[in-house]
Amino acid sequence: MIRENLAGKRIAITGSTGFLGTALVERLLRQIPDCHLVLIVRPGRRGAEQRIRREILKNDAFDRLRELHGEDFDDAMGARFTAVAGDVGRDGLGLDDEGRAALASCDIVIHSAATVSFDSPLDLAVEINLLGPVRIAHTLHELGVSPHLVAVTTCYVAGSRRGDAPEIPVDASPFFVDVDWRTEVEAARQARTDVERQSREPERLVEFRSRARAELGAAGIPALSAKTEQLRNRWVTDQMAERGRARASSLGFPDAYAYTKSLGEKALHESKGDLDVSVVRPSIIESALAEPFPGWIRGFRMAEPIIISYAQGLLREFPGVPEGTVDIIPVDQVVAAIVMVAARGVRPDGIDGSDIVQVASGSVAPLKYAQLVGLAKDWFQEHPLYDNRGQPIAVADFAFPGRGRVQGQLNRAKAVLDRTEKILHRLPLRGEQAQFAASLDERREQVDRALGYVELYGAYAECEALYTLDRLLTDWEGLDAADQKAFAFDPRVMDWEHYVTEVHFPSVIAQG
């Protein structure tokens with residue numbers, strides 16, 4: 001069914017340069033040999049096509065296709081896609097006439113572009129995650145076309161809740177706080193204006209310049225001015241990220257990513273008109289179970305910084321519930337589910353005629369937090385990381401305190417380091433004192449990093465929602481044996497000990 005239904009189709013994709021998007025492009029090019037992809041990417045300095053060739057096609061995800069086509073790989077891939085310069089953060093997607101024509105020719109549009117950072121500035125998350133789907137719908141309406149639109153969001157649009165989180169529209173949930181998404185957009189844009197103005201107030205500019213001088217010493221005016229402006233921009237970004245966290249928390253979301261994705265779903269539902277829309281919600285996407293090869297990953301995802309920090313001896317405790325579920329899902333299962341939804345078309349048999357499919361593991365094959373930590377301890381005892389003196393780092397027993405306690409401990413450690421640093425700066429830094437200063441800087445960086453992880457990921461570690469998969473499993477049972485073999489997305493098969501220790505950890509360490 002899947003190959004047949006997608007045969008000869010023109011499929012537009014946003015977000016193809018990201019982790020999920022790269023895996024999706026590879027899977028379609030390899031397993032649907034007669035489809036054509038229209039890849040909408042921001043052009044950058046080299047143009048859209050060069051960016052696709054450099055950032056997507058050179059990835060090791062394409063090694064199987066490279067081996068298949070040999071020297072003809074570049075030409076074979078070039079015949080399979082059309083590069084379109086566009087930006088979901090701009091009205092009209094920033095398309096020129098050729099780009100609009102290419103989009104208008106498509107049978108299916110898969111929208112996976114997002115800012116996925118949990119600490120994105122509020123306005124950036126709003127422009128891309130909230131308004132991006134709306135802009136796609138509006139552009140398709142302007143073009144007078146009605147392709148099947150598959151929008152990728154996240155299970156965490158359900159917010160910080162306990163118990164079952166079903167495949168229903170976000171505003172159908174009793175936990176959803178109903179806010180006007182248009183007002184949220186206006187408020188985020190106004191917040192950017194306010195913060196930019198505050199950053200230019202005289203007292204703040206004096207502060208930025210003083211910090212720049214402290215960092216650069218006797219640098220010339222051009223270097224000092226550049227550093228001052230860099231510090232100002234960083235302050236603005238930090239302030240906007242904090243506003244995003246605060247607004248998300250006030251509405252019951254773990255961060256600005258989940259908050260803006262949730263309102264993006266609502267905004268798309270209100271803006272879709274006569275478009276056929278399907279929504280695919282994955283949980284935390286991690287390395288591949290099998291496709292394009294076991295362990296394939298692109299960049300560190302959510303769990304990796306915590307795993308590495310534990311192996312380095314940096315984190316000995318982290319907020320979370322030992323019996324709580326860590327809901328992760330391999331990227332190839334998410335890709336297979338997206339391809340399946342694109343192939344079957346919209347199936348409006350849910351609330352309000354919605355077609356929502358969640359791709360998660362916690363409700364059918366739960367990985368417990370304590371189990372993950374136990375696997376990590378055993379694995380890193382056998383495969384330790386090494387410190388800068390070449391000595392193996394011993395991993396400790398892991399504790400599961402509340403988030404407030406961990407943050408308090410790290411803040412106290414940070415305060416001690418601050419006091420020590422002030423005393424040290426009064427002394428001449430020679431010999432052992434210089435070495436101690438260097439180790440102090442390294443320790444301070446580690447504490448800052450750990451504190452950031454706790455603030456960013458603590459809410460996810462404490463999440464007790466179980467994402468139900470009724471529609472996903474119904475779709476799975478409706479596939480024939482050939483489709484199930486080629487496009488596997490049944491999370492019930494997950495053997496977490498095998499996946500974590502033989503697939504995921506080795507891949508993470510190889511990347512790090």
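Modeller: Let's start with a term: a contact here means heavy atoms within 4.5 Å. Keep in mind too that this is a predicted model.

Biologist: Fine. Then what share of the contacts between residues at least 6 apart in sequence join residues at least 24 apart?

Modeller: In this protein chain, 81% of them do.

Biologist: And how many helices and strands should I look for?

Modeller: You'll find 19 helices and 11 strands in the chain. As for burial, 52% of the 512 residues are buried.

Biologist: Now helix packing. What describes two packed helices?

Modeller: The general idea is that you give the angle between their axes and the distance between the axes. Take α7, residues 122-143, with α8: the axes come within 9 Å and cross at roughly 145 degrees. The crossing of α7 with α8 is left-handed.

Biologist: Which residues of α7 and α8 meet there?

Modeller: From α7 you have L122, D123, V126, E127, L130, L131, V134 and R135, and they meet W181, V185, A188, R189 and R192 of α8. Sorted by class, that contact has 8 nonpolar and 5 charged residues, with no polar ones.

Biologist: How does α8 cross α10, left-handed or right-handed?

Modeller: That one is right-handed. Helix α8 spans residues 181-199 and α10 spans residues 221-250; their axes come within 10 Å, again at roughly 145 degrees. On the α8 side, the contact uses E184, A188, A191, R192, V195, E196, Q198 and S199. On the α10 side, look for R232, W235, V236, Q239, M240, R243 and R247. The class split for α8 with α10 is 6 nonpolar, 3 polar and 6 charged.

Biologist: So does anything in α8 turn up in both lists? I'm scanning for names.

Modeller: Yes, A188 and R192: they meet α7, and they also belong to the contact with α10.

Biologist: Let's move to cavities. How many are there of 30 Å³ or more?

Modeller: The idea is that a cavity is a space where a 1.4 Å probe fits but cannot get out. The count here is 5 cavities of 30 Å³ or more. Try the second largest, with a volume of about 160 Å³.

Biologist: Which residues lie nearest the centre of that second largest cavity?

Modeller: Those are E265, H269, V279, S354 and I356, out of 15 lining residues. To place the lining along the chain, go to α11 (256-271) and β7 (276-282), each of which supplies at least two of its residues.

Biologist: And what is the lining of the second largest cavity like by class?

Modeller: It has 6 nonpolar, 3 polar and 6 charged residues.

Note on methods:
Residues numbered from 1 in each chain as written. Predicted model: local features only at pLDDT ≥ 70, side-chain atom pairs only at ≥ 80, totals over all residues. Heavy atoms only, no water. 1 Å grid on protein atoms, 1.4 Å probe; cavity = no way out; pocket = protein on both sides within 12 Å on 5 of 7 lines; lining within 4 Å. Points joined across faces, edges and corners; volume = space filled by probe spheres on them. Helix = DSSP H or I, 4+ residues; strand = E, 2+ residues; numbered from the N terminus. Nonpolar A, V, L, I, M, F, W, Y, C, P; charged D, E, K, R; others polar. Axes fitted to C-alpha atoms, helices over the stretch in contact; angles between N-to-C directions. Left-handed = near helix turned anticlockwise from the far one by under 90°. Buried < 20%, exposed > 50% of the residue type's maximum accessible area, 1.4 Å probe, protein only.
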